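User: Please take a close look at one helix and the helices it packs against. I am new to this, so go step by step.

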Amino acid sequence: MSLWLTHPLFIPSLVVGITILLWATSLLPEFITALLFFAVAMVAKIAPPDVIFGGFASSAFWLVFSGFVLGIAIRKTGLADRAARALSSRLTDSWPLMVASVVLLSYALAFVMPSNMGRIALLMPIVAAMAKRAGINDGTRAWYGLALAVGFGTFQLSATILPANVPNLVMSGAAEGSYGIHLNYLPYLLLHTPVLGWLKGAVLIVLICWLFPGKPHAPRDLTPPEPMSRDEKRLAWMLAVVLFLWVSESWHGIGPAWTGLAAAVITLLPRVGFINGDEFSTGVNIRTCIYVAGILGLAITVTQTGIGSAVGEALLQVMPLDAEKPFTSFLALTGITTALNFIMTANGVPALYTTLAQSFADATGFPLLSVIMIQVLGYSTPLLPYQASPIVVAMALGKVPARAGMLLCIALAAATYLILLPLDYAWFTVLGKL
């Protein structure tokens, strides 16, 4: 025991462990836990300041910030209500249809828009306006279901599309950097979409309808919409340019975060923009921004201090990896990813897991590429909301309580591991990947 107390990773592990426990149990508001992590980590000197506060330099943080700003403008100009009017007239006849339409819209947008945070920022005000028109009020279980449909549909289902999800990009970069393996769009889509896209989407729709029941009322507003105002037209054109720049990132090399930040700055400019200082101060949820920075900073700290590597090596020793038992090995590799998700969150898991993939391949007899691909099911299925920052952002924008998000996380994870994991193993086998 005394040797462990003097181990250089003891204090960092203690700080990280307590932070994760507080987020998982919601004993403190999430942003206070993040601030507590920053304070204790700096006082204890577990890592340099640029590591601990690395979340503030992350593109994900600035996508969250710009998403809040653009969301305010979309609502204020009436653009959200106009889009919702067009959707609600066709998609609010029944609750399953309404939930399914939101999930499918979240998934479909991932094919053309590479940023989880950007998609959530674009969709949330539109879905909120659509819910309002259908008689679903803020703070009701039905509204929580729709907000979670945006978050879960955006993050979990987009894992099947290679460039549409940050963990996918981390995995792709790590695979290329460590082994010279280049992941291709269509083979990746074929491997993951049937089970983790289509079937998981269907399970998500069923769970939301069951856990968060609602009774939408199809609007009977027959009056034609008013012509678009000048501000609506200007904002629509700006969003079209932003969307084009997001989609064409591979051409110009400007990340979605910086395109979004530029758009947010234009939105805030006097006489040119769409919102004033008071609307900015009341509409931008700084609490959520701090929480997201805390999650990202924690993941960076875990990687830089060596905690993640130590945990990964320990898991390698205890997990039942056996070339004679392929299904058990498949299950164990998914379990390793799930365990890493608790300490590194989804964005950080692929960076560590992929570097250990050769050891896993040697132990299981699986092809190296297949071992790398198996992690997708694990990191795309968080057990708790804090493990996936896009879900956290969707919950914050929709003012969804932690309990509701946790309930859907656990329910979907249980369905995924009990039903979809065996089907995923069967699909890998059919494609000759195992």
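Analyst: Start with one cut-off: two helices count as roughly antiparallel when the angle between their axes is over 145 degrees. Keep in mind that this is a predicted model.

Now take helix α19, residues 357-364. One of its partners is helix α18, which covers residues 326-355. Two packed helices are described by the angle between their axes and the distance between the axes. For α18 and α19, the axes cross at roughly 180°. They come within 12 Å of each other. That angle is over the cut-off, so α18 and α19 are roughly antiparallel.

Which residues of α18 and α19 make the contact? On the α18 side they are Ser329, Leu333, Ile336, Tyr353, Thr354 and Thr355. On the α19 side they are Ala357, Phe360 and Thr364. Sort them by class: five are nonpolar, four are polar and none is charged.

Two residues of this contact deserve a second look. Tyr353 belongs to α18 and Phe360 to α19. Their rings form an aromatic pair. The ring centres lie 5.2 Å apart, and the planes stand at 50°. The pair is classed as tilted. Are Tyr353 and Phe360 buried or exposed? Both are buried.

Next, turn to the other partner, helix α20, residues 368-379. Here α19 and α20 pack at an angle of about 115°. Their axes are 9 Å apart. Angles of 65 to 115 degrees count as roughly perpendicular, so α19 is roughly perpendicular to α20. The crossing of α19 and α20 is right-handed.

Again, list the residues. From α19 come Ala357, Gln358, Phe360, Ala361 and Thr364. From α20 come Leu368, Val371 and Ile372. This contact has six nonpolar residues, two polar ones and no charged ones.

Now put the two contacts side by side. Ala357, Phe360 and Thr364 meet α18. Ala357, Phe360 and Thr364 also appear in the list for α20. Phe360 therefore touches both neighbours, and its ring pairs with Tyr353.

One last step widens the view. The tilted pair of Tyr353 and Phe360 can be set beside another one. The structure holds 11 aromatic pairs. Among them is Phe244 with Trp251, whose ring centres are 6.4 Å apart. Their planes stand at 65°, so this pair is edge-to-face. Trp251 is exposed, with a relative accessible area of 71%, whereas Tyr353 and Phe360 are buried.

Conventions. Residues are numbered from 1 along each chain as its sequence is written. This is a predicted model: local features need pLDDT of at least 70, side-chain atom pairs count only at pLDDT 80 or more; totals for chains, interfaces and linings use all residues. Side-chain values use heavy atoms; hydrogens and water are left out. Axes are lines fitted to C-alpha atoms, for helices over the stretch in contact, and angles run from 0 to 180 degrees between N-to-C directions. Helices (H or I, at least four residues) and strands (E, at least two) are DSSP runs, numbered from the N terminus. Angles under 35 degrees count as roughly parallel, over 145 as roughly antiparallel, 65 to 115 as roughly perpendicular and the rest as oblique. A crossing is left-handed if the near helix is turned anticlockwise from the far one by less than a right angle, and right-handed if clockwise. Contact means heavy atoms within 4.5 Å. Ala, Val, Leu, Ile, Met, Phe, Trp, Tyr, Cys and Pro count as nonpolar, Asp, Glu, Lys and Arg as charged, and the others, Gly among them, as polar. Rings of Phe, Tyr and Trp (its six-membered ring) pair if their centres lie within 6.5 Å; planes under 30 degrees apart count as stacked, over 60 as edge-to-face and the rest as tilted. Buried means under 20% relative accessible area, exposed over 50%, partly exposed in between (1.4 Å probe, protein chains only).
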